[in-house]
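User: Could you take a close look at the salt bridge in this one for me? I'd like the pair itself, its surroundings and how it sits in the chain as a whole.

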Amino acid sequence: MQLINIGFGNMVSASRVIALVSPDSAPIKRLIQDTRDTGKLIDVTCGRKTRAVIITDSDHVILSAIQPETISNRSNGNADDNAEEEEEE
C-alpha cells in the first residue's frame with residue numbers, strides 16, 4: 001500500500017484517491033459544503049488556506065494546505081518537492 005503525504009504528517013492511501021483538484025471553482029465549493037453537511041469531510045489544513053481537495057472512492061473529501069501539483073508529484077515518487085513543501089509549512 002502506497003501512502004501519500006498530504007501535509008502536516010497526514011497520509012492518504014494512493015489507491016483510494018479518485019481526484020485531486022483545486023478548491024477554487026463553484027462546483028468544488030458546493031461539493032465541500034455538501035460533504036461537510038453529511039459528515040464525510042476531513043480537514044487536514046491545520047487552519048491554513050485550502051489549496052487542494054482530494055476526493056476518495058469512499059465519498060470522503062479531504063482538504064489539504066498543500067498544492068495539488070506537489071501532492072501529485074509525491075504520488076508519482078518525485079522527492080524534489082519536499083524542499084519546497086518545507087518552506088510552505
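Analyst: About 5300 Å² of the chain is exposed, and carbon and sulfur atoms supply 46% of that. Keep in mind that this is a predicted model. Of the 89 residues in the chain, 31% are buried. The fold has six strands and three helices, and reading from the N terminus the order is β-β-β-α-β-β-β-α-α.

Now to your salt bridge. Searching the whole structure turns up one, and it pairs Arg-16 with Asp-57, with 2.6 Å between the closest N and O atoms. Arg-16 sits in the loop between strand 2 (10–13) and strand 3 (17–21), while Asp-57 sits in the loop between strand 5 (52–56) and strand 6 (61–64), so the bridge ties together parts that are 41 residues apart in sequence. As background, side chains of opposite charge can pair when their charged atoms come close. Neither partner is buried: Arg-16 is partly exposed at 38% relative accessible area, and Asp-57 is partly exposed too, at 40%.

Next, have a look at Thr-56, which belongs to strand 5. Thr-56 has a relative accessible area of just 5%, so it counts as buried, the cut-off being under 20%. Its side chain makes a 3.1 Å polar contact with that of Ser-58. Setting aside neighbours within four places in sequence, Thr-56 touches Arg-16, Val-17, Ile-18 and Ile-62. So Arg-16 has a salt bridge to Asp-57 and is also in contact with Thr-56.

Zooming back out, take the chain's contacts between residues at least 6 apart in sequence: 46% of them join residues at least 24 apart.

Notes
Residues are numbered from 1 along each chain as its sequence is written. This is a predicted model: local features need pLDDT of at least 70, side-chain atom pairs count only at pLDDT 80 or more; totals for chains, interfaces and linings use all residues. Side-chain values use heavy atoms; hydrogens and water are left out. A salt bridge is a side-chain nitrogen of Lys or Arg within 4 Å of a carboxyl oxygen of Asp or Glu. Helices (H or I, at least four residues) and strands (E, at least two) are DSSP runs, numbered from the N terminus. Buried means under 20% relative accessible area, exposed over 50%, partly exposed in between (1.4 Å probe, protein chains only). A polar contact is a pair of N or O atoms within 3.5 Å; within protein, one must be able to donate a hydrogen and the other to accept it, and residues adjacent in sequence count only if both atoms are side-chain atoms. Contact means heavy atoms within 4.5 Å. Accessible areas come from the Shrake-Rupley method with a 1.4 Å probe; for residues, only the protein chains shown count as cover.
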